Amino acid sequence: MAIRFDKREAVYIQVIRYFKEQIAIGEIKSGEEIPSRRELAQQLKINPNTVQRAYKEMEEEGLIYTDGNKPSIITKEMDRIKEIRESLITEAIDQFVDRITSLQIPKEQVFELVQIKLNELGKEDKEKHD
């Protein structure tokens, strides 16, 4: 597990985002056990209290659950996982729109550039599978 920490944002928030992203792309599966708080703190070389805070927030969000002394696991609620994925997509789109708006680029040009980029990505994907 590798996270590049950004000093502009709280570490526990970055840990939560990492888990959300890994779940959204299917790298971490529904019902999968995740490292203990101490294990994750050691892996990431961060304070165990930071991991504790991230896990607590994820439990409150319904992203993970812990049953007694058993390891924490990713939610099995597929609706919750779908919500997480949609939330990440919306967040990325909002950031994109904010940046584009500040550059005052006409919508038509934005649509054209996005379409070109998506076509390029489609070609790259096709080449990887060939």
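How many salt bridges does a search of the whole structure find? The search finds nine. The exercises below work through some of them, then turn to rings, a helix and a surface patch.

The model is predicted: local features need pLDDT of at least 70, side-chain atom pairs count only at pLDDT 80 or more, and totals for chains, interfaces and linings use all residues. Residues are numbered from 1 along each chain as its sequence is written, and side-chain values use heavy atoms, with hydrogens and water left out.

## Exercise 1: Salt bridges

Task: Find the partner of arginine 37 and state which helices the two residues lie in.

Solution.
- Step 1. Start with the rule. A salt bridge needs a side-chain nitrogen of Lys or Arg within 4 Å of a carboxyl oxygen of Asp or Glu. Side chains of opposite charge can pair when their charged atoms come close.
- Step 2. Apply the rule. Arginine 37 pairs with glutamate 59, and their closest N and O atoms are 3.2 Å apart.
- Step 3. Place the residues. Arginine 37 is in helix H2 (residues 37-44) and glutamate 59 is in helix H3, so the bridge ties together parts that are 22 residues apart in sequence. Helices (H or I, at least four residues) and strands (E, at least two) are DSSP runs, numbered from the N terminus.
- Step 4. Check exposure. Buried means under 20% relative accessible area, exposed over 50%, and partly exposed in between (1.4 Å probe, protein chains only). Arginine 37 has 23% relative accessibility, so it counts as partly exposed. Glutamate 59, at 31%, also counts as partly exposed.

Task: Compare the bridge of glutamate 60 with the bridge of glutamate 61.

Solution.
- Step 1. Glutamate 60 bridges to lysine 56, with the closest N and O atoms 3.0 Å apart. Both lie in helix H3, four residues apart, about one turn of the helix.
- Step 2. Glutamate 60 counts as exposed because its relative accessibility is 55%. Lysine 56 is partly exposed, at 46%.
- Step 3. Glutamate 61 meets arginine 80 in a salt bridge (3.7 Å, N to O). This pair links distant parts of the chain: glutamate 61 is in the loop between H3 and strand E1 (64-65), arginine 80 is in helix H4, and they are 19 residues apart.
- Step 4. Glutamate 61 is partly exposed, with a relative accessible area of 26%. Arginine 80 counts as buried, at 17% relative accessibility.
- Step 5. Look wider. A network of salt bridges links Lys20, Glu61, Arg80 and Glu83.

## Exercise 2: Aromatic rings

Task: Classify the two aromatic pairs in the structure.

Solution.
- Step 1. Learn the rule. Rings of Phe, Tyr and Trp (its six-membered ring) pair if their centres lie within 6.5 Å; planes under 30 degrees apart count as stacked, over 60 as edge-to-face and the rest as tilted.
- Step 2. Take tyrosine 18 and phenylalanine 19. Their ring centres are 5.9 Å apart and their planes stand at 80°, so the pair is edge-to-face. Both residues are buried.
- Step 3. Take phenylalanine 19 and tyrosine 55. Their ring centres are 6.2 Å apart with planes at 90°, so this pair is edge-to-face. Phenylalanine 19 belongs to helix H1 (residues 11-24) and tyrosine 55 to helix H3 (residues 48-60), 36 residues apart. Both are buried.
- Step 4. Join the pairs. Tyr18, Phe19 and Tyr55 form a cluster through ring pairs.

## Exercise 3: Helix H4

Task: Test the span of helix H4 against its expected value.

Solution.
- Step 1. The expected span is 1.5 Å times one less than the number of residues.
- Step 2. Helix H4 (residues 78-103) has 26 residues, so it should span 38 Å; its end C-alpha atoms are 38 Å apart, which agrees.
- Step 3. List the buried residues of H4: Arg80, Ile81, Ile84, Leu88 and Ile100.
- Step 4. Step past the end. Glutamine 104, just after H4, takes a positive phi of about 55°.

## Exercise 4: A nonpolar patch

Task: Find which elements give two or more residues to the nonpolar patch.

Solution.
- Step 1. The patch covers about 560 Å² and is made by Ile89, Ile93, Phe96, Val97, Val114, Leu118 and Leu121. Patches are made of residues with over 30% relative accessible area and no salt bridge: like charges are joined within 9 Å, nonpolar side chains (Val, Leu, Ile, Met, Phe, Trp, Tyr) within 5 Å. Areas come from the Shrake-Rupley method with a 1.4 Å probe; for residues, only the protein chains shown count as cover.
- Step 2. The elements are H4 and helix H5 (107-129). H4 gives the largest share, four residues.
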